[in-house]
Amino acid sequence: MKTKIINYPNLNEAKSRVKSETEFSFYSPIHINEMKELGKGKKYYIHTFGCQANIRDEETMKGMLESSNYVQTSDPSQADVIIINTCAVRENAEDKVYGDIGNLKKYRKINKKLILAICGCMVEQPEILDILINKFPEVNLYFGTHEIDQLLDLIFETYHNDVRLIAIKSKQGEVIENKNVSRNNEFKAYVNIIYGCNKFCTYCIVPYTRGKERSRHFADIMDEVRELKKAGYQEITFLGQNVNAYGKDLDEGHDFADVLEEAAKMGIPRIRFTTSHPWDFSSKMIEIIAKYDNIMKCIHLPVQSGSSEVLRLMGRRYSREHYLSLVKEMRSKIPGLSLSTDIIVGFPNETVEQFNETLTLVDEVKYESAFTFIYSPRRGTPAAKIEDNVSYEEKSRRFKELVKHLEVNIEADSKSYIGGVYKVLVDGVSKTDKNMLSGYTESNKLVHFKGDESLVGKIIKVKILESHTYSLIGEIVNE
Ligand code: 5AD
Ligand code: SF4
């Protein structure tokens with residue numbers, strides 16, 4: 001099979017940030033009509049790894065495929081198109097993808113016309129793409145996060161020309177509106193407000209794969225929120241690598257606080273957002289979150305480390321003191337605030353003293369939940385060039401110690417719910433017991449309780465009877 005390279009990724013190009021206005025365009029596939037024929041009677045299978053941005057990308061790809069008559073299947077052996085949507089943020093995320101391709105490649109032997117596609121952040125790293133191409137000759141389509149809007153045309157070309165197609169452009173990126181969407185959930189929705197990242201934290205690959213920070217037009221976001229409200233959605237989550245940066249690249253006079261406020265006024269019952277960078281979290285945002293009942297009092301505020309020196313080496317733009325004073329302001333102005341975070345253990349040459357500063361910060365902030373990671377060198381990032389004197393065993397030890405510290409507070413926080421009555425958005429039915437439902441409180445605590453399936457998608461009241469570290473057990477309160 002011939003390989004056709006439309007574009008090959010390049011980290012130097014991916015790094016460039018030329019100051020320019022955000023470009024906007026509309027979704028316009030060339031082969032949409034032919035694709036409607038091609039997709040008839042055919043199925044697609046999609047497997048997504050990684051963050052909410054990837055999940056939202058999956059929903060866009062599903063929308064495009066369904067607009068050309070493909071139907072989703074959860075059985076890859078039945079599929080005519082298989083898409084693996086990858087994550088590159090840590091090595092273990094990449095390892096899972098290698099395993100997945102290993103499992104799925106056999107279907108190309110059975111179905112010679114199968115499109116086996118890999119997309120997402122992983123393929124945007126040239127060295128990883130080289131490995132994938134050599135290791136998996138079965139894969140016949142590679143495309144990046146900037147080519148998602150071209151999915152139908154890429155499938156068309158791969159199918160008709162029997163080539164292996166590589167279309168991965170490293171660029172700053174643009175905003176493309178009017179893309180189709182087929183959402184995974186009928187009552188909870190993700191709404192992109194800003195794409196990309198300009199922060200270039202020294203350990204992170206994301207700014208290289210997802211391009212520069214580029215905000216959607218305020219009016220386009222609000223149109224989407226209005227439609228979701230009309231369709232009966234109970235919860236929306238505004239998405240961005242850094243939602244606080246919203247609007248800085250536009251000349252529209254709207255910032256993230258305005259997005260929150262305008263959406264809150266539309267009356268969607270629950271509004272959430274992720275992720276916020278502590279560096280540019282404004283007092284205006286804090287005030288708006290405090291002001292509206294339907295903006296959930298949950299802030300995901302990645303700290304990464306409790307040591308100002310490590311934060312400096314990470315390029316995080318804030319110190320331990322700045323972070324703690326921001327937390328203090330948030331807690332004093334937003335009663336009942338639930339804080340969650342991301343923490344990296346074992347940044348190159350992190351000393352025991354610096355790690356202990358992370359422990360004392362965690363004890364002081366008292367997070368309600370946290371994602372913890374062992375540092376994973378990402379080729380092409382500045383931190384990956386630093387010679388590291390800390391062994392992996394020592395990093396694992398620190399990781400376990402950190403989790404212990406976090407769990408002390410998470411457990412105490414869970415216990416404090418016992419006896420209280422909380423509003424819960426019912427998420428679904430337990431896989432093991434049809435009579436058990438689960439859902440989330442406004443503060444994002446997972447609750448299990450007995451109830452009927454008809455309650456899924458509704459907000460109900462639940463009295464908490466028991467607590468575990470990461471979940472609660474309750475009973476429905478009938479009013
Ligand atoms: N190693 C470990 N964790 C990382 N993260 C990002 N890059 C790395 C890396 N190289 C974590 C950060 C970020 C979260 C999404 O992933 O904590 O906030
Ligand atoms: Fe990565 Fe930092 Fe951007 Fe978050 S803010 S995506 S950690 S570079």
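**Close-up views of a predicted model**

**View 1. Glutamine 304, a buried loop residue with a positive phi.** Glutamine 304 counts as buried, at 7% relative accessibility. In this predicted model, glutamine 304 belongs to the loop that runs between β15 (298-300) and α12 (308-314). Although glutamine 304 is not a glycine, its phi is positive, at about 70 degrees.

**View 2. Asparagine 444, a partly exposed loop residue with a positive phi.** Asparagine 444 lies in the loop between β19 and β20 (446-450), and its phi is near 75 degrees, a positive value in a residue other than glycine. With a relative accessible area of 43%, asparagine 444 is partly exposed, whereas glutamine 304 of the preceding view is buried at 7%.

**View 3. The surroundings of serine 438 in strand β19.** Serine 438 is placed in strand β19, which covers residues 436-441. Its relative accessible area is 16%, so serine 438 is classed as buried. When neighbours within four places in sequence are left aside, serine 438 is in contact with Leu425, Val426, Asp427 and Gly428, and also with Leu446, Val447, His448 and Phe449.

**View 4. Antiparallel pairing of β18, β21 and β22.** Strand β18 (residues 421-429) and strand β21 (residues 459-467) run antiparallel and are joined by five bridges; leucine 425 has isoleucine 459 of β21 as its bridge partner. Strand β21 is also joined by five bridges to strand β22 (residues 472-476), again in an antiparallel arrangement, and here serine 467 has leucine 472 of β22 as its bridge partner. Four residues lie between β21 and β22, and the two strands form a hairpin.

**View 5. An open parallel sheet of three strands with a helix packed on it.** The strands of this open sheet follow the order β10-β13-β14, and their pairing is parallel. Because β10 (188-192) and β14 (270-274) stand at the edges and each has a single partner strand, one side of each is left without a neighbour in the sheet. On average, and with direction ignored, neighbouring strands of this sheet are turned by 25 degrees against each other. Between strand β13 (residues 235-239) and β14, which run parallel, there are five bridges, and leucine 239 has threonine 274 in β14 as its bridge partner. Helix α9 (residues 218-230) packs on the sheet, where it touches β10 and β13, and the direction of the helix makes about 170 degrees with that of β10.

**View 6. A cis peptide bond between threonine 274 and threonine 275.** The peptide bond that joins threonine 274 and threonine 275 is cis, with omega at about 5 degrees. Threonine 274 is the bridge partner, in β14, of leucine 239, while threonine 275 lies in the loop between β14 and α11 (283-291).

**View 7. Aromatic pairs, with one stacked and one tilted example.** The count of aromatic pairs in the model comes to six. One of them is formed by tyrosine 98 and phenylalanine 136, a stacked pair with 6.5 Å from centre to centre and 25 degrees between the planes. Tyrosine 98 lies in helix α4 (residues 91-104) and phenylalanine 136 in the loop between α6 (126-135) and β7 (141-143), so this pair ties together parts that are 38 residues apart in sequence. Tyrosine 98 is buried, with a relative accessible area of 18%, and phenylalanine 136 also counts as buried, at 4% relative accessibility. Tyrosine 318 and tyrosine 323 form a tilted pair, for which the centres are 6.0 Å apart and the planes make 35 degrees; both of these tyrosines are buried.

**View 8. Charged side chains over aromatic rings.** Lysine 113 lies over the face of tyrosine 159, at 4.3 Å from the ring centre. In a second example, the charged end of arginine 317 sits over the ring of tryptophan 279, at 4.7 Å from its centre.

**View 9. The protein chain as a whole, for orientation.** The protein chain has 15 helices and 22 strands, and its C-alpha trace spans about 60 × 60 × 50 Å along the principal axes. For 479 residues a compact globule would have a radius of gyration near 23 Å, and the 23 Å of the protein chain agrees with this. Of the 479 residues, 55% are buried. Among contacts between residues at least 6 apart in sequence, 76% join residues that are at least 24 apart.

Methods: Residues numbered from 1 in each chain as written. Chains lettered and ligands numbered in written order. Predicted model: local features only at pLDDT ≥ 70, side-chain atom pairs only at ≥ 80, totals over all residues. Heavy atoms only, no water. Phe/Tyr/Trp six-rings, centres within 6.5 Å; stacked < 30°, edge-to-face > 60°. Buried < 20%, exposed > 50% of the residue type's maximum accessible area, 1.4 Å probe, protein only. Lys NZ or Arg CZ within 6 Å of the ring centre and 35° of its normal. Pairing = 2+ DSSP bridges. Axes fitted to C-alpha atoms, helices over the stretch in contact; angles between N-to-C directions. Contact = heavy atoms within 4.5 Å. Rg over C-alpha atoms; globule rule 2.2 N^0.38 Å.
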